Amino acid sequence: MELNDRAELDTSQVNDLGRGGGSSRGIPIPLPTGRGGLVGLVITVLVALVGGGIGLNAATNDDGAGGEDLGQACSRDNPDRFENVKCRNLLYVNSIQDYWKQEYPAISGRQYEPTDTNYFGQAVSTGCGSADSGVGPFYCPADKQVYIDLSFYDELASRFGADGEFAAPYVLAHEYGHHIQNLLGTNERAGQGDQTGPESASVRLELQADCYAGAWARHATESKDKSGQEALFTSITESDIKEAVETAEAIGDDTIQQRSGRGINPDQFTHGTSEQRQRWFRQGYDRGDPQVCDTFGTSRL
Ligand SMILES: [Zn+2]
């Protein structure tokens with residue numbers, strides 16, 4: 001993958017919240033953190049935030065104002081900007097949203113609603129309650145935003161062996177897949193179905209988000225920068241796609257369960273097996289069309 005040095009990034013799509021982003025108190029999101037919630041947690045449980053109320057969360061708030069100025073750090077004037085993980089991820093977000101701006105009207109007949117990604121450290125308060133980094137990157141349907149602690153990628157590399165550079169855009173494209181599902185009403189309907197099990201609504205939702213990520217990857221080199229004049233990526237190769245597929249493999253429910261030493265229990269699946277996650281990403285990529293991502297209507301999940 002090569003990023004375009006001439007691209008102008010749209011920094012308004014990302015908020016850098018710093019450590020303990022948002023507020024320092026709240027009710028932690030009551031979700032399993034060690035059981036395959038990795039990448040792609042859709043937080044469906046709405047937790048009312050009690051402002052300053054029950055201080056259960058140990059989050060600190062000493063850097064709540066956020067880190068560096070992304071406008072400056074990620075500007076074209078900085079020749080080293082793509083060595084900065086925040087700028088690289090900003091470019092991915094810009095690309096994913098530019099893709100959906102083109103594609104969403106075709107599948108829905110409506111305009112795409114852009115949404116922000118929030119970088120946080122350690123803990124964050126969201127419209128779905130407060131969360132810490134242990135839950136991994138997630139999308140909150142209530143405030144329609146994506147949340148990620150960028151140190152997650154280090155964990156993905158060290159604990160899960162998914163150290164390819166293209167893991168990051170895959171993860172973000174998956175989370176934006178949940179935003180698309182939220183706009184379409186898919187996740188609300190799925191929220192009424194089973195939340196665990198090999199054919200559960202949760203698994204169907206997660207595999208669809210993987211497929212949407214693949215559809216974006218197919219068209220990523222066509223996505224344009226803020227000015228609309230420059231490409232964001234100058235190239236994406238088959239080895240990048242392989243890295244995305246390897247990441248999907250590393251975070252399949254069966255692989256994570258096996259790694260944890262508890263044995264494979266399909267009743268507890270929430271995201272799909274490694275084979276399924278790879279296959280649905282590939283399906284989206286090979287066909288390059290989100291219409292082929294119907295994980296709810298398929299006879300072969
Ligand atoms: Zn997901």
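**Disulfides, helices and one loop residue**

With -85° about the S-S bond, the link between Cys-74 and Cys-87 comes out left-handed. This link is a disulfide, with an S to S distance of 2.1 Å. It connects distant parts of the chain: Cys-74 sits in the loop between helix H1 (70–73) and helix H2 (85–108), while Cys-87 belongs to helix H2, 13 residues apart. Both Cys-74 and Cys-87 are buried.

All of this is read from a predicted model, so a word on confidence comes next. Mean pLDDT for the chain is 87, and 84% of the residues reach 70 or more. Over residues 30–36 the pLDDT drops below 50, and that stretch has 13 contacts in the model beyond near neighbours in sequence. Residues 44–65 also have pLDDT below 50, and here the contacts beyond near neighbours in sequence come to 42.

Back to the cysteines. Searching the whole structure turns up three disulfides. With the bonded cysteines numbered in sequence order, they pair as 1-2, 3-4, 5-6. Besides the link already described, there is a disulfide formed by Cys-128 and Cys-140, whose sulfur atoms are 2.0 Å apart. The torsion about the S-S bond of Cys-128 and Cys-140 is about 95°, so this disulfide is right-handed. It, too, links distant parts of the chain, twelve residues apart: Cys-128 is in the loop between strand E4 (117–126) and strand E5 (129–132), and Cys-140 is in strand E6 (residues 138–140). Cys-128 has a relative accessible area of 1%, so it is buried. For Cys-140 the relative accessible area is 0%, which makes this residue buried as well.

Another disulfide joins Cys-211 to Cys-293, with an S to S distance of 2.1 Å. At -75° about the S-S bond, the link of Cys-211 and Cys-293 is left-handed. Because Cys-211 lies in helix H6 and Cys-293 in the segment after H9, the pair ties together parts that are 82 residues apart in sequence. Cys-211 counts as buried because its relative accessibility is 0%. Cys-293 counts as buried at 1% relative accessibility.

On to the helices. Helix H9 covers residues 274–287, so to speak a run of 14 residues, and reaches 20 Å from its first C-alpha to its last, close to the 20 Å expected at 1.5 Å a residue. Which residues of H9 are buried? They are Ser-274, Gln-276, Arg-277, Trp-280, Phe-281, Gly-284 and Tyr-285. The cover over these buried residues of H9 includes helix H4 (167–184), helix H6 (201–219), helix H7 (238–250) and helix H8 (253–260). Just after H9 comes Gly-288, which takes a positive phi of about 65°.

Helix H7, one of the helices covering H9, has 13 residues and spans 18 Å from first C-alpha to last, close to the 18 Å expected at 1.5 Å a residue. Its buried residues are Asp-240, Ile-241, Ala-244, Val-245, Thr-247, Ala-248 and Ala-250. What covers the buried residues of H7 includes helix H3 (152–160) along with H4, H6, H8 and H9.

Helix H4, which helps cover the buried residues of H9 and of H7, also packs with H2. Two packed helices are described by the angle between their axes and the distance between the axes. The axes of H2 and H4 come within 10 Å and cross at roughly 35°, and the crossing is right-handed. On the H2 side the contact is made by Asn-89, Tyr-92, Val-93, Ile-96, Gln-97, Trp-100, Tyr-104, Ile-107 and Ser-108. H4 brings Ala-168, Pro-169, Leu-172, Ala-173, Tyr-176, Ile-180, Leu-183 and Leu-184 to the same contact.

Finally, a look at one loop residue. Asp-10 has its place in the loop between strand E1 (2–3) and strand E2 (14–21). Is Asp-10 buried or exposed? Asp-10 counts as buried because its relative accessibility is 16%, with the cut-off for buried set at under 20%. Leaving out residues up to four places away in sequence, Asp-10 touches Leu-90, Asn-94 and Lys-226. The C-alpha atoms of Asp-10 and Gly-71 are separated by 8.4 Å, and these two residues are 61 residues apart along the chain.

Methods. Residues numbered from 1 in each chain as written. Predicted model: local features only at pLDDT ≥ 70, side-chain atom pairs only at ≥ 80, totals over all residues. Heavy atoms only, no water. Helix = DSSP H or I, 4+ residues; strand = E, 2+ residues; numbered from the N terminus. Expected span 1.5 Å × (residues − 1). Buried < 20%, exposed > 50% of the residue type's maximum accessible area, 1.4 Å probe, protein only. Contact = heavy atoms within 4.5 Å. pLDDT = per-residue confidence, 0-100. Disulfide = S-S within 2.5 Å. Axes fitted to C-alpha atoms, helices over the stretch in contact; angles between N-to-C directions. Left-handed = near helix turned anticlockwise from the far one by under 90°.
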